[in-house]
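I opened the model today to look up a few items. My notes follow the structure.

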Amino acid sequence: MKSPVLERLLLVIALAAGLVPEAGARPGAADSLTKAGIQLYTGGKFREAVAVLDSVRSVTGSPVVHFYLGMSYAALNEGHRAMSLLRLAVQADSTNIGYRYQYALQLETAAAIPEAEKQYATILRFDSSYLPAAFHLGLLYYADHMFSRAIPIFARMIQMSPFDYLSRYYLGSSLIGAGLRDSAFSQLSRSVGLNGTYVPALNALASLYCASEEYEGALPLYQRAAELRPDLAEFFTRAGLCLIHLKRFPEAIAASLRAAGLDSANAGIYAQLGYAYL
């Protein structure tokens, strides 16, 4: 148990910050300190929040204390401490989705992927409409090439939010991974229609066109991607390749020269440039 002197000192800190009324200092000191710590956290004073909340941690096993103490450590980039405290908050209040979601995020950040997947899945069992958990779980499945699991998650997200271009992109990409290219084309086209500046969707849709040797469809997508990311050689290279297939050689040369200027060590670009000159 913390000494009365230390407890009083920490309460004085909170009082100085204007967070706890003097009248509430003696009765229910743990509650007052908890409220003060939460306000320090929400005010961005994370070190001060840690000092206050840690003073009541041994007095009360409140999941609120563990949660905000964990979140304060997370804000200070002390992930191991944050994860341990958030785990305690979840154990004490297992149905609190907010606690479990933040715990899952910390697990994901620490690359504890199987456990993070388990926590996101548990959240969705409590509330299947909790989109942040669904999105993260879908991303983890996608990154693990578990496309058959990712597809229904992103499909469900689109049902709930039809204008979600990111979920449409990941659904389309998951469908490609599962070999369902026709369905992928529809989702990626819609993603690009919803947000024509999202380069990954432009690239993925263009790649589908190229796979079908539909270079007229791929070309404007690569050209748009190159406009958005003029620092990357790859989109100028791919646009140049489409132009070669379309026998538009002067334009192909210009695009390939632009790519060579961005990536002068890439021998493939010079080979493509040589072919365009033939």
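**Exposed loop residue**

I began with Ser264, which is exposed because its relative accessibility is 54%; exposed means over 50% relative accessible area, buried under 20% and partly exposed in between, with a 1.4 Å probe and protein chains only. I placed Ser264 in the loop between helix H15 (249-262) and helix H16 (267-277). Helices are DSSP runs of H or I with at least four residues, numbered from the N terminus. I also checked Ser264 against Ala233: they are 31 residues apart in sequence, and their C-alpha atoms are 9.5 Å apart in space.

**Source of the values**

I note that this is a predicted model, in which local features need pLDDT of at least 70 and side-chain atom pairs count only at pLDDT 80 or more, while totals for chains, interfaces and linings use all residues. Residues are numbered from 1 along each chain as its sequence is written, and side-chain values use heavy atoms, with hydrogens and water left out.

**Cysteines**

How many disulfides does the structure hold? I found zero, taking a disulfide as a pair of cysteine sulfur atoms within 2.5 Å. A disulfide is a covalent bond between the sulfur atoms of two cysteines. Why is Cys210 not bonded to Cys242? The sulfur of Cys210 has its closest cysteine sulfur in Cys242, but the separation is 3.9 Å, too far for a bond. From the other side, Cys210 likewise holds the closest cysteine sulfur to that of Cys242. I logged Cys242 as buried because its relative accessibility is 1%.

**H13 against H14**

Cys242 is also among the H14 residues that meet H13, so I looked at that helix pair next. The axes of helix H13 (residues 215-228) and helix H14 (residues 233-245) come within 8 Å and cross at roughly 155 degrees. Axes are lines fitted to C-alpha atoms over the stretch in contact, with angles from 0 to 180 degrees between N-to-C directions. That angle makes H13 roughly antiparallel to H14, a label used for angles over 145 degrees. The residues of this contact divide into 11 nonpolar, two polar and one charged. Nonpolar covers Ala, Val, Leu, Ile, Met, Phe, Trp, Tyr, Cys and Pro; charged covers Asp, Glu, Lys and Arg; the others, Gly among them, are polar. On the H13 side I listed, among them, Tyr215, Leu219 and Tyr222. Contact means heavy atoms within 4.5 Å.

**Phe236**

I then took Phe236, which sits in helix H14. Is Phe236 buried or exposed? Phe236 is buried, because its relative accessibility is 11%. Leaving out residues up to four places away in sequence, Phe236 touches Ala226, Pro230, Ala255, Arg258, Ala259 and Leu262. For Ala259, which is 23 residues away along the chain, I noted a C-alpha separation of 5.3 Å.

**Ser167**

I looked up a second serine, Ser167, in helix H10 (residues 165-177). Ser167 is buried, with a relative accessible area of 0%. Not counting residues up to four places away in sequence, Ser167 touches Phe135, Phe154, Met157 and Ile158.

**H3 against H4**

My last entry is helix H3 (residues 46-57) with helix H4 (residues 63-75), which pack at an angle of about 150 degrees with their axes 9 Å apart. H3 and H4 are therefore roughly antiparallel to each other. I counted 10 nonpolar, two polar and two charged residues in the contact of H3 with H4. The H3 residues include Phe46, Asp54 and Arg57, and the H4 residues include His66, Tyr68 and Ser72.

Conventions
Helices (H or I, at least four residues) and strands (E, at least two) are DSSP runs, numbered from the N terminus. Angles under 35 degrees count as roughly parallel, over 145 as roughly antiparallel, 65 to 115 as roughly perpendicular and the rest as oblique.
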